[in-house]
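Work through the following exercises with the sequence and the coordinates open beside you. Each task is followed by a solution that goes step by step.

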Amino acid sequence: MRTLSTENAAALAARQLVARDFLWIIARDYDTGGDVPHGFWSDVGDVSAPVLDPNTGLSDTRSFEGSGTLIQIGAVPLVSNLTVQNITISLSQIDESVANFARGYDLKQARVEVYRGLFSPASRRLVAPAVNRFVGFVDQVEITTPKEGEAGAIVLTCASNTQEVTRSNPDTRSYDSQVLRSETDNFFQDVTTVAGWEFFWGGKTGKVDAVGPKRIGITVRADNQ
């Protein structure tokens with residue numbers, strides 16, 4: 001169950017809230033491989049807004065660009081299990097800032113954080129730091145360049161970070177990976193050749209076929225026969 005702050009709960013009960021969405025993406029620089037964070041939000045102008053960091057639970061003030069950059073965030077599934085959830089995020093295809101970010105940096109598996117902020121209509125300020133609704137990674141980027149008179153968009157399909165629990169690591173049974181952890185760990189040094197080993201017993205050469213045990217028949221006779 002989601003827990004609201006005291007300020008949000010009070011304003012919500014008084015029906016004095018305006019909701020806005022915040023998007024935080026951490027892409028990678030093609031040249032250096034370094035992280036490039038960027039924020040967009042679903043209102044006008046650029047703002048510095050406090051959000052609750054999902055890693056620490058503490059308030060963190062970040063900068064977000066607006067004025068039509070963030071068009072729509074699809075429904076965020078609210079579940080209490082480890083199934084992988086997916087959402088779609090639509091960004092403006094004609095906004096220069098969005099276009100430069102989507103085309104100029106590597107968004108493959110970029111970290112994505114979605115927040116919902118509740119504003120007071122009177123002060124036009126956040127009642128409390130925006131709360132996190134989704135944490136995941138970009139699975140697919142679709143950039144649609146429209147024909148004249150048609151609409152275009154940049155659509156991100158994102159998967160929740162629970163997909164990490166479904167990943168397997170075949171390298172854990174590799175000798176090369178074991179020695180990276182410890183130079184003296186030679187437990188898997190023969191793992192690639194042991195299947196072809198041959199053992200010789202007595203005078204027979206080559207591989208010894210595995211056979212089941214032979215049954216020995218015993219006949220018991222009575223003494224009076």
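**Exercise 1.** Locate W197 relative to the helices, decide whether its side chain belongs to a surface patch, and classify its exposure.

*Solution.* In this predicted model, W197 lies in the segment that follows helix α3, which spans residues 175-181. The next step is the surface, where W197 joins V194 and F199 in a nonpolar patch whose combined accessible area is about 320 Å². Finally, the relative accessible area of W197 is 40%, and because partly exposed covers the range between 20% and 50%, W197 is classed as partly exposed.

**Exercise 2.** Place Q109 in the secondary structure, then describe its phi angle and its exposure.

*Solution.* Q109 sits in strand β7, which covers residues 106-119. Its phi is positive, at about 60 degrees, although Q109 is not a glycine. As background for this step, most residues other than glycine have a negative phi. With a relative accessibility of 27%, Q109 counts as partly exposed, since this value falls between the limits of 20% and 50%.

**Exercise 3.** Summarise the protein as a whole: its elements, its contacts and its surface.

*Solution.* Begin with the count, which gives three helices and nine strands, arranged from the N terminus as α-β-β-β-β-β-β-α-β-β-β-α. Turn next to the contacts between residues at least 6 apart in sequence, of which 56% join residues at least 24 apart. For the surface, the protein exposes about 15,400 Å², with carbon and sulfur atoms supplying 51% of that area, while buried residues account for 31% of the 225 residues.

Definitions and conventions
Residues numbered from 1 in each chain as written. Predicted model: local features only at pLDDT ≥ 70, side-chain atom pairs only at ≥ 80, totals over all residues. Heavy atoms only, no water. Patch = residues over 30% accessible without salt bridge, like charges linked within 9 Å, V, L, I, M, F, W, Y side chains within 5 Å. Areas by Shrake-Rupley, 256 points an atom, 1.4 Å probe, with all protein chains shown as cover. Salt bridge = Lys/Arg side-chain N within 4 Å of Asp/Glu carboxyl O. Helix = DSSP H or I, 4+ residues; strand = E, 2+ residues; numbered from the N terminus. Buried < 20%, exposed > 50% of the residue type's maximum accessible area, 1.4 Å probe, protein only. Contact = heavy atoms within 4.5 Å.
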